[in-house]
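Please consider the following assembly of protein chains, with attention to how the chains meet and how charged side chains are paired.

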Amino acid sequence: MNDYRYDYRTVQGFILSAMFWGVVGILLGLLISVQLWAPAANFAPYLTYGRLRPVHTNGLIFGLGVGAIFGLFYYITMRLCKRPLLFPRLARVQLWLFNAGIVAAAVSLLLGQTQSLEYAELEWPLDLAIVVLWVMLAVNVFGTILKRREEQMYVSLWYIVATVITIAILYVVNNLAVPVSLGKSYPLFAGVNSANVQWWYGHNAVGFLLTTPILAMFYYFLPKSTGLPIYSHRLSIVAFWSLIFAYLWTGAHHLVYTPLPDWIQTLAIVFTMFLIAPSWGSVVNGYYTVGQDWTRMRSNYLTKFFILGITFYGLQTVQGPTQGLRVVSQLIHFTDWVPGHVHMGTMGWVTMIICASIYYVVPRINGTELYSEKLANVHFWLVLVGQLLFSITMWITGIRQGWMWKATDEAGKLEYTFMDGVIGNYPYWHTRTLAGIIFAAGMVVFVYNVLMTIRKGRAAQAAAGSAPTTVAA
Amino acid sequence: MSESSIYRKPVAFAALATVVVLAGTIATMAYPMLRPELHPKVEGLKPLSPLELAGRDVYQREGCVNCHTQTVRPLKSEVVRYKGNRAPEPSGQYSLAGEFAYDHPFLWGSKRTGPDLAFEGWIKPSKDWHYAHFEDPQKVVPRSNMPKYAFLRRNALEAAKVQASMRGLRTLGVPYTDADLAAVPAVVEGKTELDALVAYTVSLGKAVNRAAAGGGEVDLEAPNPFATDVAAIAKGKALFDANACSACHGDEAQGQEGVAPNLIDDRFLGASPDLPDAAYFAMIKGGSDAKKALGRPGVPDGGMAAFGGDLSDDDIWAIVAWLRNQKAHEAAEGHPGGH
């Protein structure tokens, strides 16, 4: 049992790092939300919206998201392989490199070093660092799986393997570039081809950093938390293969009505519609799993995190494909609808499941119970309200804005100037900041609760007067 | 689950997963790259000049792509909004794949917190406007949420950096010659990042002709058919507002210091005396190109856009009628605007 102790400390290191970068990313989100309605809140040159927004998105995707992925992948892999990590020291080095990398990434973005590719902003030296980090992950995950002590690979391991492979392919191809200095490079691809490669990457970064890893967590921690087995193994199989197959065809739905050839757009739209099926395969599986005993919603505080999380995943994967349709895209594309959509996925699905997984893991690796279920409930309601207020506000203003851009009179003249649309956004942008504050408050409660749980574990161990022992889950 | 199940064989499983994710990757990303339709080039496409390229680097560095798109979609209202409808060729009304052949990377963006800039070189050719706007956006567009970029004026361009960028792009196939590289120090001498950014901004969309029909010959004797028509004067004011003339020339056509001239004083294109109605008509219809026909140079790179494609002759005369009425008012009240 003590074999795990060192590895669990690394897992906890990743979890705490992810939480730290998560809070930083969310606070930056608040600042840029203010900048949208108060231009005086821009502090040139380093703290303008244009430089800060990538710090917000990268901080949350790579800091919170990837940090949680590293930590929780290791936890899940160890449990499902019934053995410690194959290279525990490598994982510890990875933890330090990860944090150093995030700091360097944030600094480089504030300095304006960017490839201008969404979610691939980081310049080539940091790209290399990310490749090294990902190879470290791959070596440990695959090595541990190969030396596993449980023959069958559970669903979560499928998603972990698919994540590790696909992100490697995506990241390397989209970041191919010719460096001209330490902080500046020009991507290999140009124009319409550059757009096509970028959105093949961009959409699948969402797919394989913010969907498949979260599904790996969902399939592991939902049954663990509730004590209910996954409803259908066959449905898990069908959903897995069809999801990872269909995802890679869909990137061009981000380029509807652009100069990209129509056939690529249409192919992407068709596969995007198809993608509803495997997504809902997991949604249905989640519902039917808890459906075996709905009273868990009341008796187990974590159940509602998972059910609400998967519900937002379900909504996200219907809304997303709808947006891909040309008739919808022409109205809402480029408007505030889009951040509304993205934040339902990130605040509602990704963060909800990551937090629930952390709530499950941290007490176990510290040999204690959660510090306060009551605070966990407060956290739940704050983030739920914050996220709904955020997304709904943005959907409304997005439709309003798209409609104002389109409105013409009988003679074909435009009814509104661009500024009319911007001015109409202000009340909604104020509301979004309020929503962000509510959400951030919820996340602060979460962080407090987790830190107090760790402290409680330490205190209990000290009181027991023995060397800390680790309880296997 | 049989003994031979793939879920017990991690290597086989990983191999199969790789094949499955490569299917869509090859079909929609790798294969299209091999087709010429992903590498189109409009006829006569030129790479950005060194100054414009330096501006593009600043545009990237400041993250302008986070708020501005650079692609006009083939939608009616969008074509009208971004003045694509002025283009003589129907295909020039919206963004064309071949315009972006030298864009490493593309900068189409994904969000319009500010307007699309794909045709900015045609819509707002006025460098003066852009200088004023970058330095203090709210001074020119009162409720804009754009940050101020005045600090760019303090940053001098470095020839070596621009040359490094050009060399990097040349390895990727952008046709910069040795002569282009050699010319850089002279071109960027004394120039700031703001100069570069403005140069880049007014270069956008210029690879395709999207100019409005020009004013043609100017007959200064031509009378304004609506000179005293009260309804036309009111319509002229409405058109002045609707076409955002006030964005440069001020709400009451009194001009904005350093942006665009007063239209209701006793001067025309910076010189006295004022010219007759037909000169105003020619400038609105044909933009700065009409200056030659009028024999007055005005400011060197005058940025008056041509409205001949948007407005009928009657509409333009109505605007001139309103300007004249406005001038008469100012004179009667004894305080000519602006000065």
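The paragraphs below treat the interface, one helix, one buried residue and then the salt bridges.

The coordinates are those of a predicted model. In this model, 85 residues of chain B are in contact with 91 residues of chain A. The size of an interface is often given as the accessible area lost when the parts come together. Between chain B and chain A that area is about 7300 Å², and carbon and sulfur atoms give 66% of it. Tyr7(B), Arg73(B) and Arg81(B) supply 11% of the area that chain B buries against chain A, more than any other three residues.

Polar interactions also join the two chains. There are 33 residue pairs in polar contact between chain B and chain A, counting pairs in which both residues have a pLDDT of 80 or more. On the side of chain B that touches chain A, the elements giving two or more residues are helix 1, helix 2 (50–61), helix 3 (76–81) and helix 7 (159–171) of chain B. The largest share of that side, 19 residues, comes from helix 1 of chain B. Four salt bridges are counted between chain B and chain A. In one salt bridge, the side chains of Lys111(B) and Asp336(A) meet at 3.3 Å, N to O.

Helix 1 of chain B merits a closer view. Spanning residues 10–33, this helix has 24 residues and reaches 32 Å from its first C-alpha to its last, close to the 34 Å expected at 1.5 Å a residue. Helix 1 of chain B bends by about 50° at Ile26(B). Its buried residues include Phe13(B), Val20(B), Val21(B), Gly24(B), Met29(B) and Pro32(B). What covers the buried residues of this helix includes helix 4 (124–146), helix 5 (155–174), helix 6 (191–209), helix 8 (233–247) and helix 9 (262–274) of chain A.

Within chain A, Thr303(A) is found in helix 12 (residues 301–324). What surrounds this residue, leaving aside its neighbours within four places in sequence? Thr303(A) is in contact with Thr226(A), Val290(A), Arg296(A) and Met297(A). Thr303(A) has a relative accessible area of 0% and is therefore buried.

Over all chains, the structure holds 26 salt bridges. One of them joins the side chains of Arg112(B) and Glu78(B), at 2.8 Å from N to O. Arg112(B) lies in the loop between helix 3 and helix 4 (120–123) of chain B and Glu78(B) in helix 3 of chain B, so the pair ties together parts that are 34 residues apart in sequence. Arg112(B) is buried at 1% relative accessible area, and Glu78(B) also counts as buried, at 6%.

A second pair within chain B is Asp136(B) and Lys148(B), whose closest N and O atoms are 3.1 Å apart. Asp136(B) is in the loop between helix 5 (127–135) and helix 6 (137–140) of chain B, and Lys148(B) is in the loop between helix 6 and helix 7 of chain B, so this salt bridge ties together parts that are 12 residues apart in sequence. Asp136(B) is partly exposed at 23% relative accessibility, as is Lys148(B) at 43%.

Lys327(B) and Asp266(B) also meet in a salt bridge, at 3.3 Å from N to O. This pair links distant parts of the chain, 61 residues apart: Lys327(B) is in helix 14 (residues 313–333) of chain B, and Asp266(B) is in the loop between helix 11 (246–249) and helix 12 (277–286) of chain B. Lys327(B) is buried, with a relative accessible area of 19%, whereas Asp266(B) is exposed at 54%. Salt bridges that share partners join Asp266(B), Asp274(B), Asp277(B), Arg324(B) and Lys327(B) into one network.

Methods
Residues numbered from 1 in each chain as written. Chains lettered and ligands numbered in written order. Predicted model: local features only at pLDDT ≥ 70, side-chain atom pairs only at ≥ 80, totals over all residues. Heavy atoms only, no water. Helix = DSSP H or I, 4+ residues; strand = E, 2+ residues; numbered from the N terminus. Expected span 1.5 Å × (residues − 1). Bend = angle between axes of the 7 residues up to and from the residue. Buried < 20%, exposed > 50% of the residue type's maximum accessible area, 1.4 Å probe, protein only. Contact = heavy atoms within 4.5 Å. Buried area = accessible area lost by both parts, 1.4 Å probe. Polar contact = N/O pair within 3.5 Å; in protein donor to acceptor, adjacent residues only side chain to side chain.
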